[in-house]
Amino acid sequence: MLYLNNDTVNDLVDTQEAIDLMEKVMVAYEEGNYIMPKRLRISRSNHNYLYMPYISEEVCGSKMQTIYPDNKKLGLPAIYGMVMLNDTKTGKIDCLLDGEAITSMRAAAVSAVGVKYTTPETIESVGVIGASLLAFYQLVFTCKVRSNIKHIYIYDLYPDAALELKKYLETEIVKYKELEYLKDLSIQICSEPIDLVASSDLVITTTYSTTPVIPDNPDLFKNKHFIGVGSYRPDMREFPDALFTQVKQAYTDVYYAKEETGDLIDPIDSGILAQDDVYTLGNVIRKLVPPVDTSKATFYKIVGMAMFDIELANYLYHKALDKKVGQHLVE
Ligand SMILES: NC(=O)c1ccc[n+]([C@@H]2O[C@H](COP(=O)([O-])OP(=O)(O)OC[C@H]3O[C@@H](n4cnc5c(N)ncnc54)[C@H](O)[C@@H]3O)[C@@H](O)[C@H]2O)c1
């Protein structure tokens, strides 16, 4: 049994390959040749446990994850997780992968497919609200698909977190040759979300907020592009009603996003977004729904699914075997 820790996962992932893989998975998701039950979430106060199995003809595995938002106060990551890959013929455990880096990179690659389909190629600036490792990968993957981006903006409730992300980006860009494409970008910290939105063509939210992180002002949303990553429960919401004065359609990674996140449930319930105007990106890619009008404001909401994580884990497992990296655990 092979074990791949976060560092090995990081070293193995090629940004473009991960984005291309997630795009293929979105199409496979629509085709339906797999078994993936609705993910099981159990919560006790603010402590959340998610269990996510997935089986297809070639790949089989599960992801287990905890989300403890208050860990930040202890200086710990909010998310811990593990992905298990099994042999499809025998069920034997082939590989265990640390879930932290996989989750952040998978989310960034799934977002990047959204950037490709819901924003124009000409965008020059991207802002993140919520400064964490998750936001770091969002920026790295976004800039991979939009080479005209020259400016990065960061806002966090805690200015220290924003500063930490800025410094981390600057250090990583110098350290890793494959991040060279980010080296000429300006990185600025904003003191208010309103300043970040005003400066950014694309805004990505990566918080655990239960109330909108952007003021409820329609003017802020005109002709801008938004990707919501943070909210994954009905009581969580990052975007205000004003967004839906500017967007008529919303795009998602999975169908059940409409049942999982307050960012879609609330506007659908209040009638400012029609159920039928929520499309999956897989159907955009397959050209089964009208193409996205990127000349106007757009909204793409991702919540994630086992299929993304397990398929990414399977890609990493085979890469690790080829490169002979990872730790063999005694069986
Ligand atoms: N959609 C997906 O596929 C996906 C994947 C991974 C994580 N997530 C979700 O993303 C969220 C963030 O996860 P994380 O691991 O980055 O958490 P984290 O605690 O490491 O970071 C979140 C950051 O957001 C900041 N923040 C919180 N409320 C804010 C607000 N109102 N305005 C500005 N900043 C605010 C916090 O200060 C913190 O720095 C969680 O809800 C998590 O479940 C979603």
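Two strands pair if DSSP finds at least two bridges between them. Keep that rule in mind as you work through this predicted model.

**Exercise 1.** Find the residue of β9 that stands opposite Ile129.

*Solution.* Start with the strands: β8 covers residues 125–129 and β9 covers residues 151–155. They pair in the parallel sense over five bridges, and the rule asks for at least two. Now look across from Ile129: its opposite residue in β9 is Tyr155.

**Exercise 2.** Work out which strands stand at the edges of the eight-stranded sheet.

*Solution.* First write down the order, which is β10-β9-β8-β11-β12-β15-β13-β14 in an open sheet with parallel pairing. Next, look for strands with a single partner: these are β10 (186–189) and β14 (278–280), so each has one side without a neighbour in the sheet. Finally, look at the twist: neighbouring strands are turned by 20 degrees against each other on average, direction ignored.

**Exercise 3.** Name the strands that helix α4 lies across, and give its angle to β8.

*Solution.* Locate α4 at residues 133–145. The helix lies across β8, β9 and β11 (202–205). Against β8, α4 runs at about 165 degrees.

**Exercise 4.** Describe the residues around the ligand by type and by domain.

*Solution.* Sort by type: the shell has 18 nonpolar, eight polar and two charged residues. Then sort by domain: domain 1 (2–102 + 306–328) and domain 2 (112–301) each supply at least three residues. Of the 28 residues, those that come nearest are Gly130, Ser132, Leu134, Tyr208 and Gly304.

How values were computed. Residues numbered from 1 in each chain as written. Predicted model: local features only at pLDDT ≥ 70, side-chain atom pairs only at ≥ 80, totals over all residues. Near = placed C-beta within 6 Å. Nonpolar A, V, L, I, M, F, W, Y, C, P; charged D, E, K, R; others polar. Domains from an automatic or database assignment. Helix = DSSP H or I, 4+ residues; strand = E, 2+ residues; numbered from the N terminus. Axes fitted to C-alpha atoms, helices over the stretch in contact; angles between N-to-C directions. Contact = placed C-beta atoms within 7 Å.
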